[in-house]
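Here are a few exercises to work through with the model open beside you. Try each task before you read its solution.

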Amino acid sequence: MQVATINAALFAGGRFIAGFGTGAISSIGPLYQAEISPKHIRGTITAGYHTAKTLGVLLAAIVNNSTKDRDGKSAYLIPIYIQFVWAIILMSGFAFLPESPRYFVKYGKSDKAHEIEASLELEHSVGEASIKDCFKRENRQLYRIILGMVVMAFSQLVGVNFIKYFGTDFFQQAGITNSFVISMATNLVSFSMTIPALYLIERLGRRTFLIIGYIGSWITQYTIAIVGLVATGSDLARKILVSFSILYIAIESAGVGPPSLVIVGEVFPLRTRAKSIALSLALDSGPGNANLGSNVFFIWGSCSLLGAIFVYVWVYETKGLSLEQVDELYNSVPYAWQSAGFIPRAMQDGNSLIVELDKSIKPGDTNVRDVEVDTDDATDLADDGIHEIPTHPQQAWSNL
């Protein structure tokens, strides 16, 4: 429809239909990546979706720059035709992708789900979930859907789309003549900074990394806003605006976009995961220009600060946990800021017990926390050099 367009209405209709495909890929991609990934590199693989997306934006900017001076319909038809290449690659690749192990578990084919590691407790109710189920309190689902939707909303409220989509106009208004080249530079920086994020997401953890990203975004955007307010028109002001705009894009591309996507990809329980991720990613589209000039960065900067506060209060650290252990985390730890010290329980069938200890604890230490065992188990473990284990059944696990 887009390449055969004869008027704006037909072109808009084609874009509308293409939006359904884009929305489906945006929801299913992170979901699939999170479900098939080993827990120790799940963050890196899921964040790779954001890397691929920024690469696509960069390639699109290069194509647009190459065709912008052409006369006639080819100026916009060439970029549209090139989109067919990526669609063919995606469609061809889908034929070779297996279903995720958790998909088999959900639909009663657990014999094919041997890849799932040490699952402590799978969902007992694995029937189809409705949209209404995504907002129920059971299994802290309501808490988690609010988390996912707000995290994705804040990832846009920091103003990234303003620079990506309206950056050329903003730089022109600031008196920068070569604004299109600067816009190209921001796209290159955006893609490049997602690469170190693939490492930092597992090194720093989702929660810490995202807080750092929001604070960095807050500082750079307030700097842009203040300089634009008090020093408009000077050469120094223009240099500062460009420098801090690029620095902001670097911080957002590394420390806001990737960890936000990873958090949403792994926070939900199996039964409602697909619909909850789709609802959250529906908010991954934010506002653009309000004709405020550089003053708009006061708004984006304030949202960045609010985002950092929200993450500290509301978002749990899930680094190194299987998706099933994430369920245990949310049902065991009452406050998000306590989540970094969470240690999942490992259990076996029958009367045997596996005790997971911190790496810093050696045999003979007395720092074994909140393990539920009976008197016989405590005696057996004491014989092995582990003492002072609580013997009260059903002791609370929430103080981890």
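A residue is called buried when its relative accessible area is under 20%, exposed when that value is over 50%, and partly exposed in between. Keep in mind that this is a predicted model.

**Exercise 1. Find out how many residues of helix 10 are buried.**

Step 1: Go through helix 10 with the cut-off for buried residues in hand; Gly257, Pro258, Pro259, Ser260 and Leu261 are among those that meet it.
Step 2: Carry on, and Val262, Ile263, Val264, Gly265 and Glu266 join the list.
Step 3: The result is ten of ten, so helix 10 is mostly covered.
Step 4: For the wider setting, buried residues make up 40% of the 400 residues in the protein chain.

**Exercise 2. Identify the residues that touch the most other members of the largest nonpolar core, and the helices that supply it.**

Step 1: This core has 47 residues, and Leu147, Tyr214, Phe297 and Tyr330 touch the most other members.
Step 2: Helices that each supply at least two core residues include helix 5 (141–157), helix 8 (206–230), helix 12 (296–314) and helix 13 (323–332).
Step 3: Now look around Tyr330: setting aside neighbours within four places in sequence, its contacts are Arg140, Tyr143, Arg144, Leu147, Val267, Tyr316 and Thr318.
Step 4: There is also a second, separate core of six residues, including Ala47, Ile201, Phe209 and Val262.

**Exercise 3. Work out which helix gives the largest share of the nonpolar surface patch, and classify tryptophan 337.**

Step 1: The patch is formed by Ile215, Trp218, Ile219, Leu305, Leu306, Ile309, Tyr312, Val313, Tyr335 and Trp337, with about 910 Å² of accessible area together.
Step 2: Helix 8 and helix 12 each contribute at least two of these residues, and the largest share, five residues, belongs to helix 12.
Step 3: Tryptophan 337 sits in the loop between helix 13 and strand 1 (346–347).
Step 4: Its relative accessibility is 40%, so tryptophan 337 counts as partly exposed.

**Exercise 4. Decide which elements have the highest and lowest mean pLDDT.**

Step 1: Start with the whole protein chain: the average pLDDT is 75, and 73% of the residues score at least 70.
Step 2: Among the elements, helix 12 has the highest mean, 94, and strand 2 (residues 353–354) the lowest, 38.
Step 3: Check the stretches with pLDDT below 50: residues 112–125 have 27 contacts in the model beyond near neighbours in sequence, while residues 347–400 have 65 such contacts.

Methods
Residues are numbered from 1 along each chain as its sequence is written. This is a predicted model: local features need pLDDT of at least 70, side-chain atom pairs count only at pLDDT 80 or more; totals for chains, interfaces and linings use all residues. Side-chain values use heavy atoms; hydrogens and water are left out. A nonpolar core is a set of buried Ala, Val, Leu, Ile, Met, Phe, Trp, Tyr and Cys residues joined through side-chain atoms within 4.5 Å. Buried means under 20% relative accessible area, exposed over 50%, partly exposed in between (1.4 Å probe, protein chains only). Helices (H or I, at least four residues) and strands (E, at least two) are DSSP runs, numbered from the N terminus. Contact means heavy atoms within 4.5 Å. pLDDT is the predictor's confidence in each residue, from 0 to 100. Patches are made of residues with over 30% relative accessible area and no salt bridge: like charges are joined within 9 Å, nonpolar side chains (Val, Leu, Ile, Met, Phe, Trp, Tyr) within 5 Å. Accessible areas come from the Shrake-Rupley method with a 1.4 Å probe; for residues, only the protein chains shown count as cover. A salt bridge is a side-chain nitrogen of Lys or Arg within 4 Å of a carboxyl oxygen of Asp or Glu.
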